[in-house]
Amino acid sequence: MALDEVAGTLHRDAAAVRQLAVRARRHVQEARPRYPVAPEEGERIAQAFYAASHLGDVDTLRGLLAQDVVLRADGGGRVHAFRNPIVGVERMVRLFASLHAKGEFQSAAFIRPLRIDGLPGYVSVERGTVLQTTAFEIEDGRITAIYITRNPDKLVRIAQTLGIGGSP
């Protein structure tokens with residue numbers, strides 16, 4: 001759609017709409033990167049998180065997580081996932097220590113590091129058969145958000161690319 005058409009739709013002067021478009025483009029170009037962490041640093045933090053969470057290393061987890069860290073998970077109603085967001089470093093540390101103590105990670109396997117929607121992360125298999133991606137927002141060297149996807153419908157392409165099976 002041309003800017004003149006947009007102007008007509010918005011009932012605005014075409015010159016004003018063109019100026020808005022120029023300002024918007026400039027604003028986008030000047031914006032800082034959405035995820036400023038270097039790829040190598042993101043991969044290092046992702047792998048450190050995997051190791052610490054699966055080994056029950058609460059001290060390392062505390063060092064990796066920001067105070068107001070948030071974990072969100074998506075199982076799509078087909079695979080077990082946390083229903084509500086988990087918020088805060090202490091809740092997160094207790095959660096992963098509890099999962100480790102219950103043996104939840106005994107049959108887990110780290111597949112490989114991977115950029116997920118532009119974020120550093122990794123692909124793993126949890127509980128022996130559940131394909132999972134874990135992505136991290138990182139600021140100032142600390143994880144501020146964790147996004148776990150276990151929904152098999154959303155992981156079909158990754159499973160095919162990696163040549164591994166998805167969840168039941």
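The following exchange concerns the fold of a predicted model and two of its residues.

Local features of this predicted model need pLDDT of at least 70 and side-chain atom pairs count only at pLDDT 80 or more, while totals for chains, interfaces and linings use all residues. Residues are numbered from 1 along each chain as its sequence is written, and side-chain values use heavy atoms, with hydrogens and water left out.

Visitor: What is the radius of gyration of the protein?
Guide: The secondary structure comprises six helices and six strands, where helices (H or I, at least four residues) and strands (E, at least two) are DSSP runs numbered from the N terminus. The globule rule (2.2 Å times the number of residues to the power 0.38) gives 15 Å for 168 residues. The protein is more spread out than a compact globule, because its radius of gyration, taken over C-alpha atoms, is well over that value, at 21 Å.

Visitor: Is T144 buried or exposed?
Guide: T144 belongs to strand β6, residues 142–149. Buried means under 20% relative accessible area, exposed over 50%, and partly exposed in between (1.4 Å probe, protein chains only). With a relative accessible area of 17%, T144 is therefore buried.

Visitor: Which residues does V87 touch, not counting those up to four places away in sequence?
Guide: V87 sits in strand β2, residues 86–87, and is partly exposed, with a relative accessible area of 42%. Contact requires heavy atoms within 4.5 Å. Under that criterion, the residues touched by V87 are V69 and V70.
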